[in-house]
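Visitor: Please choose a single part of this molecule for a close look, and then connect that part with its surroundings. I would welcome an account that a beginner can follow step by step.

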Amino acid sequence: MNSAPTILIAPSTQKAGEEFYDYAISLSDAYSKAVIEGGGIPFIMPCAPGAKTVAEMVARADGVLLSGGD
């Protein structure tokens, strides 16, 4: 049985989130819905995780969706 591919989604960031006023992510739900409709499992990248963590996340994902944010 084949499992659904994992798709890492890169969001935009905001300098001041509404909850804690620190860096926050911004991403339309349409991206996750499109991945699901295409048969994938979406994972949204956290805000500013660092180069080593980004490289590990990309290596573990089956695909990457660049949303066009910063």
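Guide: Let us begin with Arg 60 and Glu 56, which both belong to helix H2 (residues 51–60) and stand four residues apart, about one turn of the helix. Helices (H or I, at least four residues) and strands (E, at least two) are DSSP runs, numbered from the N terminus. The model is a predicted one, in which local features need pLDDT of at least 70 and side-chain atom pairs count only at pLDDT 80 or more, while totals for chains, interfaces and linings use all residues. Residues are numbered from 1 along each chain as its sequence is written, and side-chain values use heavy atoms, with hydrogens and water left out.

The side chains of Arg 60 and Glu 56 form a salt bridge, at 2.7 Å from N to O. The term salt bridge stands for a side-chain nitrogen of Lys or Arg within 4 Å of a carboxyl oxygen of Asp or Glu. Arg 60 counts as exposed because its relative accessibility is 65%. Glu 56, at 40% relative accessibility, is therefore classed as partly exposed. These words have fixed limits: buried is under 20% relative accessible area, exposed is over 50%, and partly exposed lies in between (1.4 Å probe, protein chains only).

The structure holds two salt bridges. One of them has just been described; another joins Asp 29 and Lys 33, with 3.7 Å between the closest N and O atoms. Asp 29 and Lys 33 are both located in helix H1 (residues 29–37), again four residues apart, about one turn of the helix. Asp 29 is partly exposed because its relative accessibility is 46%. Lys 33 has a relative accessible area of 47%, so this residue is partly exposed as well.

Helix H1 also contains Ser 32. Is Ser 32 buried or exposed? Its relative accessibility is 11%, and therefore Ser 32 counts as buried. Not counting residues up to four places away in sequence, Ser 32 touches Ile 9, Pro 42 and Ile 44. Contact here means heavy atoms within 4.5 Å.

From Arg 60 there is a path to strand S1. Thr 6 has its place in strand S1, and Arg 60 is one of its contacts. When neighbours within four places in sequence are set aside, the other contacts of Thr 6 are Ile 41, Phe 43, Ala 61, Asp 62 and Gly 63. Thr 6 and Phe 43 are separated by 37 residues in sequence, and their C-alpha atoms are 7.0 Å apart in space.

Strand S1 (residues 6–10) is mostly covered, for four of its five residues are buried. Strand S1 runs parallel to strand S4 (residues 41–44), and four bridges join the two. In strand S4, Pro 42 stands opposite Ile 7. Strand S1 pairs with strand S5 too, in the parallel sense and over four bridges. There, Gly 63 is the bridge partner of Ile 7. Two strands are said to pair if DSSP finds at least two bridges between them.

Strand S5 (residues 63–66) includes Leu 66. The relative accessible area of Leu 66 is 69%, which means that Leu 66 is exposed. Ser 67 follows in the segment after S5. Ser 67 counts as buried because its relative accessibility is 16%. Apart from neighbours within four places in sequence, Ser 67 is in contact with Ala 10, Pro 11, Ser 12, Leu 27 and Tyr 31.

We may now step back to the whole. The protein has two helices and five strands, and along the sequence these follow the pattern β-β-β-α-β-α-β. Taken along the principal axes, the C-alpha atoms fill a box of roughly 45 × 30 × 20 Å. Of the 70 residues in the protein, 20% are buried. Among contacts between residues at least 6 apart in sequence, 59% join residues at least 24 apart. The contact of Thr 6 with Phe 43, across 37 residues in sequence, gives an example to look for in the model.
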